[in-house]
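User: I would like to go through the labels attached to this model and see, for each of them, how the value supports the word that is used.

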Amino acid sequence: MVQRKKNSEVDQRIDKMVDKYREELKEIFAEETFDLTFDQREKLVDSKIDKARCEILEAHIAQDPDGLLKNKGLPDELTQCLCGNSAILSRDERTGDIKIYEREIKTKRGTIKVKEHGYFCCRCRKIFFPSEG
């Protein structure tokens with residue numbers, strides 16, 4: 001029964017994205033685009049489809065943020081920074097909860113926003129993210 005509900009949520013998400021793709025395609029095939037050169041048409045198609053691809057990737061990652069790390073469950077409290085020093089999991093100072101950062105990642109097709117935890121390196125004095133590797 002839980003599986004059926006999950007599939008329903010996935011189907012709804014897919015339907016929403018298909019509708020977005022449909023709108024992008026309508027703009028591509030609009031009569032106004034018939035006066036464009038081949039190069040202009042190619043750029044139009046690339047920009048519309050790449051935008052939709054980024055939205056799909058962003059939604060997929062939001063559904064399974066740990067998939068970025070291939071590590072299910074809670075992140076490790078300590079990890080190693082590129083400088084060789086130990087780095088600690090970033091936590092909220094008041095609540096102690098794992099701090100989640102929203103940041104942009106540049107992909108082959110454009111930028112997407114992801115939310116993930118970070119680690120603080122005392123030596124480098126900066127936060128780094130597991131997905132950067």
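Analyst: What follows is a set of questions about salt bridges, exposure, a surface patch and enclosed space, asked of a model that is predicted.

User: Why is the contact between D19 and R22 called a salt bridge?

Analyst: The side chains of D19 and R22 come to 3.4 Å, N to O, and since the cut-off is a side-chain nitrogen of Lys or Arg within 4 Å of a carboxyl oxygen of Asp or Glu, the pair qualifies. Both residues belong to helix α1, where they are three residues apart, about one turn of the helix.

User: What makes D19 and R22 partly exposed?

Analyst: D19 has a relative accessibility of 43% and R22 has a relative accessible area of 44%; buried would need under 20% and exposed over 50%, so both residues take the label in between.

User: How do you know that D50 and R53 form a salt bridge, and how far apart are they in helix α2?

Analyst: The closest N and O atoms of D50 and R53 are 3.4 Å apart, which satisfies the requirement of lying within 4 Å, and therefore the pair is counted. Along helix α2 the two are three residues apart, so that about one helical turn separates them.

User: Why is D50 given one exposure label and R53 another?

Analyst: D50, at 15% relative accessibility, counts as buried because the limit for that word is under 20%. R53, with a relative accessible area of 36%, is partly exposed, because that value lies between the limits of 20% and 50%.

User: What makes the contact of E24 with K48 a link between distant parts of the chain?

Analyst: The side chains of E24 and K48 meet in a salt bridge at 3.7 Å, N to O, and the partners lie 24 residues apart, with E24 in helix α1 and K48 in helix α2. Both E24 and K48 are buried. Salt bridges with shared partners also join E24, E27, K48 and K51 into one network, and by the same cut-off of within 4 Å the count comes to eleven salt bridges.

User: Why can V18 belong to a nonpolar surface patch?

Analyst: V18, which is found in helix α1, has a relative accessible area of 37% and is partly exposed; a patch residue needs over 30%, so V18 passes that step. Together with V10 and I14, V18 makes a patch of about 210 Å².

User: What makes the lining of the second largest pocket mostly one class, and which element gives the largest share?

Analyst: The lining has seven nonpolar, two polar and two charged residues, out of eleven in total, of which R13, I14, M17, I56 and H60 lie nearest the centre of the pocket. Helices α1 and α2 (38–63) are the elements that give two or more residues to this lining, and the largest share, six residues, comes from α1. The volume of this pocket is about 210 Å³.

User: How do you know that the largest cavity is enclosed, and what lines it?

Analyst: The word cavity is kept for points where a 1.4 Å probe fits but cannot get out, and a search of the whole structure finds one such space of 30 Å³ or more. The largest cavity holds about 40 Å³ of space and is lined by M17, K20, Y21, A52, E55 and I56. Helices α1 and α2 are the elements that give two or more residues to this lining, which divides into four nonpolar, no polar and two charged residues.

Key: Residues numbered from 1 in each chain as written. Predicted model: local features only at pLDDT ≥ 70, side-chain atom pairs only at ≥ 80, totals over all residues. Heavy atoms only, no water. Patch = residues over 30% accessible without salt bridge, like charges linked within 9 Å, V, L, I, M, F, W, Y side chains within 5 Å. Areas by Shrake-Rupley, 256 points an atom, 1.4 Å probe, with all protein chains shown as cover. Helix = DSSP H or I, 4+ residues; strand = E, 2+ residues; numbered from the N terminus. Buried < 20%, exposed > 50% of the residue type's maximum accessible area, 1.4 Å probe, protein only. 1 Å grid on protein atoms, 1.4 Å probe; cavity = no way out; pocket = protein on both sides within 12 Å on 5 of 7 lines; lining within 4 Å. Points joined across faces, edges and corners; volume = space filled by probe spheres on them. Nonpolar A, V, L, I, M, F, W, Y, C, P; charged D, E, K, R; others polar.
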